[in-house]
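The following exercises concern aromatic contacts, helix faces and surface patches. Each task is followed by a solution in steps.

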Amino acid sequence: MAPMIQSQIPSVQPSPPPPAQAPQQFEIGSASASVAESINIEANIDGVSRFDPRDVITIENRELLPHEKCSRMITKTFEQRLHKDGYTWKNIPQNTKDLYFEDFQKYFRWDQKISGIVKILWEKQAAIRYKSFIWAIKNAKQKPAYVSDDIWKAWNDEFNKPEYIARARQNKLNRQAGEPATHTGGSITHSSHAKRMERSLGKKPTYYELFIRNHTKRSDGSFVNEKAKAVNG
């Protein structure tokens, strides 16, 4: 029998793994960055994320902008978290005020470099808004839905105390003595009125134009009181 001839089968070496692909490149401005880097840049421009749906706060003339929306949301945080001793802003514990500020941050965001001044201006605006908030509750003909029965009773007991009434009356006299004139702008600030007038006039209003706008009645154009008339000269 003829000897079997063993076939020589060449060994097959495994193929080397394909070279790792470099991350996809994107152009951002004049700089090139990987996908991960571009996302990081996109999300952290000046410390404010573009993907965050909250409104961005800026500061102008020592006010938080957008001013009117900030005021509305500050009031909303009050309604969501009433304190039994909160018939005045001064009586509210600091930890509750801190919670109000935390709630405020659910609606707004800002560059972290201005966090300190935002907190200071928020405290100032919150104190002003709380006065209006309490005034509305005190003068309400019936209990607002967001006020519990216990708080409604406790606050009205305080509102009707002789010392509270006397203090409120004195505070009103002090304000009247210290302010040049009552204005018709409500809780809207002079700078907000100025911006509105600038849009309607097509130019920045003068101080006189702003004064007339805020101290005359819409119905007949007369001054709101004698003080405003005297200031006008």
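**Exercise 1: A buried ring and its partners**

F133 counts as buried because its relative accessibility is 5%; buried means under 20% relative accessible area, exposed over 50%, and partly exposed in between (1.4 Å probe, protein chains only). The model is a predicted one, in which local features need pLDDT of at least 70 and side-chain atom pairs count only at pLDDT 80 or more, while totals for chains, interfaces and linings use all residues. Residues are numbered from 1 along each chain as its sequence is written, and side-chain values use heavy atoms, with hydrogens and water left out.

Task: Determine which aromatic pairs F133 forms with Y130 and Y146, and classify each.

Solution.

1. Rings of Phe, Tyr and Trp (its six-membered ring) pair if their centres lie within 6.5 Å; planes under 30 degrees apart count as stacked, over 60 as edge-to-face and the rest as tilted.
2. The search of the whole structure yields 16 aromatic pairs. In the pair of Y130 and F133, the centres are 5.5 Å apart and the planes make 45°, hence the class is tilted.
3. Both residues belong to helix 4 (residues 115-138), three residues apart, about one turn of the helix. Helices are DSSP runs (H or I, at least four residues), numbered from the N terminus. Y130 is buried, as is F133.
4. F133 and Y146 form a stacked pair, with 5.8 Å centre to centre and 20° between the planes. This pair links distant parts of the chain, 13 residues apart: F133 lies in helix 4 and Y146 in the loop between helix 4 and helix 5.
5. Y146 is partly exposed, since its relative accessible area is 30%.
6. One aromatic cluster includes Y130, F133 and Y146, with F101 also among its members.

**Exercise 2: The two faces of helix 5**

Task: Which residues of helix 5 are buried, and which exposed residues does the face turned away from them carry?

Solution.

1. In helix 5 (residues 149-159), the buried residues are I151, W155, E158 and F159.
2. Viewed down the helix axis, these buried residues fall within an arc of 100°, so they line one face of helix 5. The arc is that of the directions from the helix axis to the C-beta atoms.
3. Exposed D149, D150 and K153 are carried on the face turned away from the buried side.

How values were computed
Helix = DSSP H or I, 4+ residues; strand = E, 2+ residues; numbered from the N terminus.
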